[in-house]
Amino acid sequence: MNKFGLDYWSLDFNLNVFLQTVKTHNWTVYGIRQQKDTITFYASVLNRNDLIKTYPHIIHLKTTGVIGMLLRTFKQLDRLIAAGAAAALWLLLSSTVFNIEILGEGTVNRALIADTLVQLQAMPPFQLTDKNVLKQQLNEELKRSFTWIEVEQNGSKLKVRFLPKKTVEKEELTRNELIAQKDGVIASFDLQHGEKCVKINDVVKKGDLLVSNILLDSMNLPEEIYVKGRVFAYTWSDFSVEMPNNSLPEGVQFFQLLFQARRIISEELGEDEKIVSENILQFSVNDDKIKMDLHYTLLEDISSPGE
Amino acid sequence: MITYDDRQLMIEKYKAILRVRKNEIKIQCAHYTLTIQGSDLMISALTRDEILIGGTIATVVFNNE
């Protein structure tokens, strides 16, 4: 029998004539039974109109299978409305984006993509009818910064993948000499270009020439060269920190001042610079204030390009 | 062409159905009449060219015309 469903009919008619009619009309019928003068049978739902037209007094008993269930369901208005609402909601939500994931190298690049999406009014939740349009817009806006941008939609999640443009920055070299900014003892060199004028463990004063831009060639003739790099030296720093006296124990006051001093000194240190040693010279507590004197030995870059 | 077992019988390219009873069904084919006898006979399926008869089939008789 048809697996999707059949109409079940009852007909008061001569069986033999009915069977001939079935053959003539090219219907397909199943389960023909006769009880007295009443014939019952199953037929395809597609033959329904034909059967009613041929036998106006035929009685439709039921429709079996999935087709029967669907027809019974959609005869009720509230179910029809619910089915329509469900379909509309599905269509609406299937094109709604609730989450955006940006995948690629660099926090700055990801932030740039995110800002561009905000400018294009692509902030979740939003309707995305065509992801190719969004992809094209992103490529147009960001073509200077990115080699490739791809947009793919996976359910309600949008994934934006990118490849940033990689450019090499042109290095600009100068011929300015490196001059000592502070007194110190030379510790190390981080030099790419230039002629050293001092060596490790040399004591230098502020203003001394550390790296020169003049190189003597094999004929002892001066040749001007580029200078680039850093010169590290041990330097010293004495300073004091103080705070108003409070009711905290002396040990706590001591460490408060100590950490304050370390914080102050660390704020001035740059890349590859560090505190080598720390000496507390004096710690005094008076009625109204607490004072600490410290001496620091630092490893600093003391070079500075001269003019 | 006829294919059958003890519970059903399929007839292809029949011409007409002459009689349908619970214990006998008579079918007109191209060159012969087919009489199926048994009990609880019913037409399980019927199309323009094929007929499937179900029930307990006792005998099948061919009558040449």
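In this short talk I will go through a predicted model with chains A and B, beginning at the interface and then moving through the sheets, a salt bridge and some backbone details.

Let me start where the two chains meet. In this model, 15 residues of chain A are in contact with 14 residues of chain B, and between them the chains bury about 1,300 Å², with 53% of that area on carbon and sulfur atoms. If you look at which parts of chain A are involved, α1, residues 15-25, and β2, residues 29-35, each supply at least two residues of the side that touches chain B. Sorted by class, that side of chain A has seven nonpolar, six polar and two charged residues.

What kinds of pairs does the rule find across the interface of chain A and chain B? There are seven residue pairs in polar contact, counting pairs with both residues at pLDDT 80 or more, while the number of salt bridges found across this interface is zero.

There is also strand pairing between the chains, and here a general point is useful: strands of a sheet pair through backbone hydrogen bonds, either parallel or antiparallel. In our case, β2 of chain A pairs with strand β5 of chain B, residues 32-46, in the antiparallel sense and over three bridges. To find the place on your screen, look for A:Val29, which stands opposite B:Leu46 in β5 of chain B.

Staying with chain B for a moment, we can follow β5 onward. Strand β5 of chain B is joined to β6 of chain B by 12 bridges, and the two run antiparallel, forming a hairpin with three residues between the strands. Within this pair, B:Thr33 stands opposite B:Asn63 in β6. Strand β6 of chain B, residues 50-64, is also joined by five bridges to strand β2 of chain B, residues 8-12, again running antiparallel, and there B:Met10 stands opposite B:Leu52.

Now to the sheets of chain A. One of them is an open sheet of five strands, in the order β13-β11-β17-β19-β18, with antiparallel pairing. Its edge strands are β13, residues 203-204, and β18, residues 274-285, each of which pairs on one side only. At the β13 edge, strand β11, residues 184-193, pairs with β13 of chain A over two bridges, with A:Gly184 having A:Val204 as its bridge partner. Helix α7 of chain A, residues 250-267, packs on this sheet, touching β17, β18 and β19, and its direction makes about 35° with that of β19.

Another sheet in chain A is an open one of three strands, ordered β6-β9-β8, with mixed pairing. Why is one side of β6 and of β8 in chain A left without a neighbour in the sheet? Both stand at the edges and each has a single partner strand, so one side of each is left free of a neighbour. The twist averages 15° from one strand to the next, and helix α5 of chain A lies across β6, β8 and β9, running at about 130° to β9.

Within that sheet, eight bridges join β8, residues 146-154, to β9, residues 157-164, in chain A, the two running antiparallel. These strands form a hairpin with two residues between them, and A:Gly155 in the turn has a positive phi of about 70°. Beside the turn you can find A:Gln153 opposite A:Leu158, and you can also find A:Glu152 opposite A:Lys159.

Side chains of opposite charge can pair when their charged atoms come close. The structure holds 11 salt bridges over all chains, and one of them links A:Lys157 with A:Glu101, the closest N and O atoms being 3.1 Å apart. This pair connects distant parts of the chain, with A:Lys157 in β9 and A:Glu101 in β6 of chain A, 56 residues apart.

Finally, two backbone details, for which it helps to remember that most residues other than glycine have a negative phi, and most peptide bonds are trans. Where in chain A should you look for A:Gln121? A:Gln121 is in the loop between α5 and β7 of chain A, and A:Gln121 has a positive phi of about 60° although it is not a glycine. A:Pro125 also lies in the loop between α5, residues 107-119, and β7, residues 126-127, and a cis peptide bond joins A:Pro124 and A:Pro125, with an omega of about -5°.

Key
Residues are numbered from 1 along each chain as its sequence is written. Chains are lettered from A and ligands numbered from 1 in the order in which they are written. Side-chain values use heavy atoms; hydrogens and water are left out. Contact means heavy atoms within 4.5 Å. Buried area is the accessible area (1.4 Å probe) that two parts lose on being put together, summed over both. A salt bridge is a side-chain nitrogen of Lys or Arg within 4 Å of a carboxyl oxygen of Asp or Glu. A polar contact is a pair of N or O atoms within 3.5 Å; within protein, one must be able to donate a hydrogen and the other to accept it, and residues adjacent in sequence count only if both atoms are side-chain atoms. Helices (H or I, at least four residues) and strands (E, at least two) are DSSP runs, numbered from the N terminus. Ala, Val, Leu, Ile, Met, Phe, Trp, Tyr, Cys and Pro count as nonpolar, Asp, Glu, Lys and Arg as charged, and the others, Gly among them, as polar. Two strands pair if DSSP finds at least two bridges between them. Axes are lines fitted to C-alpha atoms, for helices over the stretch in contact, and angles run from 0 to 180 degrees between N-to-C directions.
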